[in-house]
Amino acid sequence: MSDIVHGSAVAIDGNGVLLLGPSGSGKSDLALRLIDRGAKLICDDILNIENGYGLPQLTIAPNIAGKIEVRGIGICPIDFVQSAPLRLVVQLAQDVERMPPEHQSMTIARFSVPMFKLDPFQASSALKVEWALRSVIDAALHPVANPIAASNESVTM
């Protein structure tokens with residue numbers, strides 16, 4: 001079983017990071033900056049989240065595999081990986097709290113997943129994503145199955 005999600009996803013050291021936000025919010029731009037820092041593209045614009053052995057897996061949408069939209073340039077080919085386990089959701093936002101609550105999560109694809117909000121257009125955004133992922137790994141936070149949320153995707157903080 002898989003869910004289709006509108007977003008961009010990269011793998012950082014084998015850990016999947018899902019970038020979410022409305023069209024034009026900077027998902028592909030932030031993905032490009034993360035790729036420049038060593039991340040690998042999973043998929044841009046549309047991707048699948050599959051339940052792999054009780055954990056969410058970010059996987060490519062076959063028709064757009066290895067392609068990323070570079071605003072002002074067009075659709076460009078890029079190296080990619082087929083999948084990675086989802087470890088972090090980054091919700092793109094303009095208004096980000098200076099000191100957010102610890103251990104925020106978002107329910108997506110029936111899993112409660114660690115989540116951070118981030119302004120994607122700050123110069124430090126790519127580094128902040130890496131630090132957020134490191135904090136999730138260091139705290140041993142993992143997505144947790146949330147069967148109640150199967151029909152009602154929501155954000156919990």
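Is R37 buried, partly exposed or exposed? With a relative accessibility of 45%, R37 counts as partly exposed, where buried means under 20% relative accessible area, exposed over 50%, and partly exposed in between (1.4 Å probe, protein chains only). The close-ups below start from this residue.

A few notes before you look: this is a predicted model, in which local features need pLDDT of at least 70 and side-chain atom pairs count only at pLDDT 80 or more, while totals for chains, interfaces and linings use all residues. Residues are numbered from 1 along each chain as its sequence is written, and side-chain values use heavy atoms, with hydrogens and water left out.

**View 1. R37 and E130 meet in a salt bridge.** The N to O distance in this pair is 2.7 Å; a salt bridge here is a side-chain nitrogen of Lys or Arg within 4 Å of a carboxyl oxygen of Asp or Glu. E130 belongs to helix α2 (residues 125-138) and R37 to the loop between α1 and β3 (40-52), so the pair links distant parts of the chain, 93 residues apart. Helices (H or I, at least four residues) and strands (E, at least two) are DSSP runs, numbered from the N terminus. Across the whole structure, a search finds four salt bridges. Side chains of opposite charge can pair when their charged atoms come close.

**View 2. R33 and D29 form a salt bridge inside one helix.** Their closest N and O atoms are 2.9 Å apart. Both residues sit in helix α1 (residues 27-36), four residues from each other, about one turn of the helix. How accessible are the two partners, R33 and D29? R33 has a relative accessible area of 23% and is partly exposed; D29, with 36%, is partly exposed too.

**View 3. Helices α1 and α2 pack together.** Two packed helices are described by the angle between their axes and the distance between the axes. Here the angle is about 75 degrees and the axes lie 9 Å apart. The axes are lines fitted to C-alpha atoms, for helices over the stretch in contact, and angles run from 0 to 180 degrees between N-to-C directions. That makes α1 roughly perpendicular to α2, on a scale where angles under 35 degrees count as roughly parallel, over 145 as roughly antiparallel, 65 to 115 as roughly perpendicular and the rest as oblique. Which residues make the contact? On α1 they are L30, R33 and L34, and on α2 they are S125, A126, V129 and E130, with contact meaning heavy atoms within 4.5 Å. These residues divide into four nonpolar, one polar and two charged; Ala, Val, Leu, Ile, Met, Phe, Trp, Tyr, Cys and Pro count as nonpolar, Asp, Glu, Lys and Arg as charged, and the others, Gly among them, as polar.

**View 4. R110 reaches D3 through a salt bridge.** The closest N and O atoms of the two are 2.8 Å apart. R110 lies in the loop between β8 (105-108) and β9 (111-118) and D3 in strand β1 (residues 2-12), so the pair ties together parts that are 107 residues apart in sequence. D3 is partly exposed, at 22% relative accessibility. R110 also has a phi near 65 degrees, a positive value in a residue other than glycine. Most residues other than glycine have a negative phi, and most peptide bonds are trans.

**View 5. H103 is another residue with a positive phi.** Its phi is near 55 degrees. H103 is found in the loop between β7 (83-92) and β8, and at 52% relative accessibility H103 counts as exposed.

**View 6. V5 and S2 both belong to strand β1.** V5 is buried, with a relative accessible area of 11%. Leaving aside residues up to four places away in sequence, V5 touches L18, L20, D45, I46, L47, I49 and I108. V5 and I49 are 44 residues apart in sequence, yet 7.2 Å apart in space, C-alpha to C-alpha. S2, at 40% relative accessibility, counts as partly exposed. With the same residues left aside, that is, those up to four places away in sequence, S2 touches N48, I49 and E50.

**View 7. C43 and C76 stay unpaired.** A disulfide is a pair of cysteine sulfur atoms within 2.5 Å, and by this rule the count comes to zero disulfides. The nearest cysteine sulfur to C43 is that of C76, 15 Å away. Why is C76 not bonded to C43? Because 15 Å between their sulfurs is too far for a bond. C43 is buried, at 1% relative accessibility.
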